[in-house]
2 protein chains.
Amino acid sequence: MSPQRERILKAAAALFAREGYHGAGMARLEQEVGLKRGALYHHIGNKESLLYEISRTQLEHMVGISTRIAAEAPDEAACLRLMARALLRNIADHRVEWTVHYRDFNALTGERLRHVLELRDRYAEIWQRVYASGAARGLFQPAEPRVAVLGILGMFNYSYLWIEGDGRLDTDRIADLYCDIFLRGVLLAPHPPPPPDEE
Amino acid sequence: MSPQRERILKAAAALFAREGYHGAGMARLEQEVGLKRGALYHHIGNKESLLYEISRTQLEHMVGISTRIAAEAPDEAACLRLMARALLRNIADHRVEWTVHYRDFNALTGERLRHVLELRDRYAEIWQRVYASGAARGLFQPAEPRVAVLGILGMFNYSYLWIEGDGRLDTDRIADLYCDIFLRGVLLAPHPPPPPDEE
DNA sequence: GTTGTACCGTACCGATCGGTCGGTACACCA
DNA sequence: TGGTGTACCGACCGATCGGTACGGTACAAC
């Protein structure tokens, strides 16, 4: 990936987050990046590819991290906690990209839309598999794993509207707080000890 | 409110939910409503007022309902449960309006934006007051009432992306499930009996 | 020294954007 | 019968939309 293209993607994410995908014109992107029409389109192809790349990058990143966590975590509760920390950390670090994704992903069309939706489903499925596995082992309440997972994902995903992207300490604390609430609410056995901090 | 204006608002909400506020042109709204330019603007004033009215109506409705519930509920846990049911019911019944609101409220400008944000804050504050009151009485964990409330609101608000607007039975069951998880996770005393179904 | 290629600016395209305006048809009331 | 208000149409506005064509420049390879 060329450094210019990377610069353009960053500027586009910030611009789309501020004004919306359809609300932001290419003219404004020109002056934000410091390139004129011809140069811009030499690098990006078209406008929709910017939106696609913004969503794809973040989603693929989260799918990759969560797959790794799910493969290594000692048990399901710890796994959920680690995945939650990773998610909230990523949302806080890439708040503009997530803002763009959640607001405008359905402005995508055709193959690009299909791929982004598939990535999003894959990510939710990782969570659901972990939850279902825990429920099968008698750890979690067996009722409605899909709805339960959508609930905790909602807690985190909604945070892009209010979270402050400053310190990772704070994001980890919030992630742990939500995990504590969710796990206490969902565990059949008494409260487990929190896992040691990582990374 | 004239019946024509109401018709236009409904069509606009559906159209904006499909294509986004900036993505949907007035030409499409014309043919969806069955009126031409002149007639349309005779009723609506301008495009932004449509967006404003869509958000304002739902938010004022929720503020009103929750204020009433908070005044009448026997205790804080029951209050949260009733407010949660009312919220999820409203989201399911007005899914298109909430989709428009969450995606495009910040396309509003000036006074209209200020008012909508104020309504949204007022609504969150109702929840936070209930939670803080419960925490002060030793019912809930006292840590971070604002973050805790934003969490449960996230569970519900995120649902506009996946909930099916068919039966109210299902929405009440989902609301209760989330409340059970949240309350179990947050209550200091053991699990309380669920309140009787209402309305 | 010439050719290829990556990069960039300028000029321009047709389409569509949100919005305005003059005018008409009709109902209601005096 | 004349006057007033409401609902509506259709033509039109300047601005902006995303995108393209094309020429020029800088530089590396041969």
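This is a chat about a predicted model with two protein chains and two DNA strands.

Trainee: Let's start with chain A. How many helices and strands does chain A have?

Mentor: Chain A has 9 helices and 0 strands. From the N terminus on, its elements simply run α-α-α-α-α-α-α-α-α.

Trainee: And what box do the C-alpha atoms of chain A fill?

Mentor: Roughly 60 × 35 × 25 Å, taken along the principal axes. Of the 199 residues of chain A, 40% count as buried. Among contacts with a separation of 6 or more in chain A, 74% join residues 24 or more positions apart.

Trainee: Which residues of helix α6 in chain A are buried?

Mentor: In α6(A), residues 95-104, the buried ones are A:Glu97, A:Trp98, A:Thr99, A:Val100, A:His101 and A:Asp104.

Trainee: What do those buried residues of α6(A) pack against?

Mentor: They pack against α1 (3-19), α4 (47-72) and α5 (76-93), which belong to chain A as well.

Trainee: Switching to the DNA. Which residues come closest to strand C?

Mentor: A:Lys36, A:Gly38, A:Ala39, B:Gly25 and B:Lys47 are the closest of the 17 residues that surround DNA strand C. The elements giving two or more residues to that surface are α3 (37-44) of chain A, plus α2 (26-33), α3 (37-44) and α4 (47-72) of chain B.

Trainee: Which element has the largest share near strand C?

Mentor: α3(A), with 4 residues. By class, the surface near DNA strand C has 5 nonpolar, 7 polar and 5 charged residues.

Trainee: OK, and strand D, how many residues surround that one?

Mentor: DNA strand D is surrounded by 16 residues, and the closest are A:Gly25, A:Gly38, A:Lys47, B:Gly38 and B:Ala39. Here α2 (26-33) and α3 of chain A, along with α3 of chain B, each supply at least two residues. The largest share, 4 residues, comes from α3(B). The class split near DNA strand D is 5 nonpolar, 7 polar and 4 charged.

Trainee: What does UniProt list for residues 25-44 of chain A?

Mentor: An unreviewed UniProt entry lists residues 25-44 of chain A as "DNA-binding region". In the model, that stretch is 80% helix and 0% strand, with its end C-alpha atoms 14 Å apart.

Trainee: Now the two protein chains. How many residues does the contact take from each?

Mentor: The contact takes 28 residues from chain B and 28 residues from chain A. On the chain B side, α6 (95-104), α8 (145-157) and α9 (168-186) each give two or more residues. The largest share there, 9 residues, comes from α9(B). That side of chain B divides into 15 nonpolar, 8 polar and 5 charged residues.

Trainee: What turn lays chain B on chain A?

Mentor: A turn of 180° with a shift of 0.0 Å along the axis, giving an RMSD of 0.0 Å. The two copies are therefore related as by a two-fold rotation axis. The same surface serves both copies, as 100% of the contact residues of chain B recur in chain A.

Trainee: Which residue of chain B comes closest to the rotation axis?

Mentor: B:Gly185, whose C-alpha lies 2.1 Å from the axis.

Trainee: Last one: in the largest nonpolar core, which residues touch the most other members?

Mentor: A:Tyr178 and B:Tyr178, in a core of 116 residues. Leaving out residues up to four places away in sequence, B:Tyr178 touches A:Gly151, B:Ala84, B:Ile152, B:Met155 and B:Phe156.

Conventions. Residues numbered from 1 in each chain as written. Chains lettered and ligands numbered in written order. Predicted model: local features only at pLDDT ≥ 70, side-chain atom pairs only at ≥ 80, totals over all residues. Near = placed C-beta within 6 Å. Nonpolar A, V, L, I, M, F, W, Y, C, P; charged D, E, K, R; others polar. UniProt positions renumbered as here; feature names shortened; annotations may be inferred. Buried ≥ 20, exposed ≤ 12 C-beta atoms within 10 Å, placed from the backbone. Contact = placed C-beta atoms within 7 Å. Least-squares fit on C-alpha atoms with pLDDT ≥ 70 in both. Core = buried A, V, L, I, M, F, W, Y, C linked by C-beta atoms within 7 Å.
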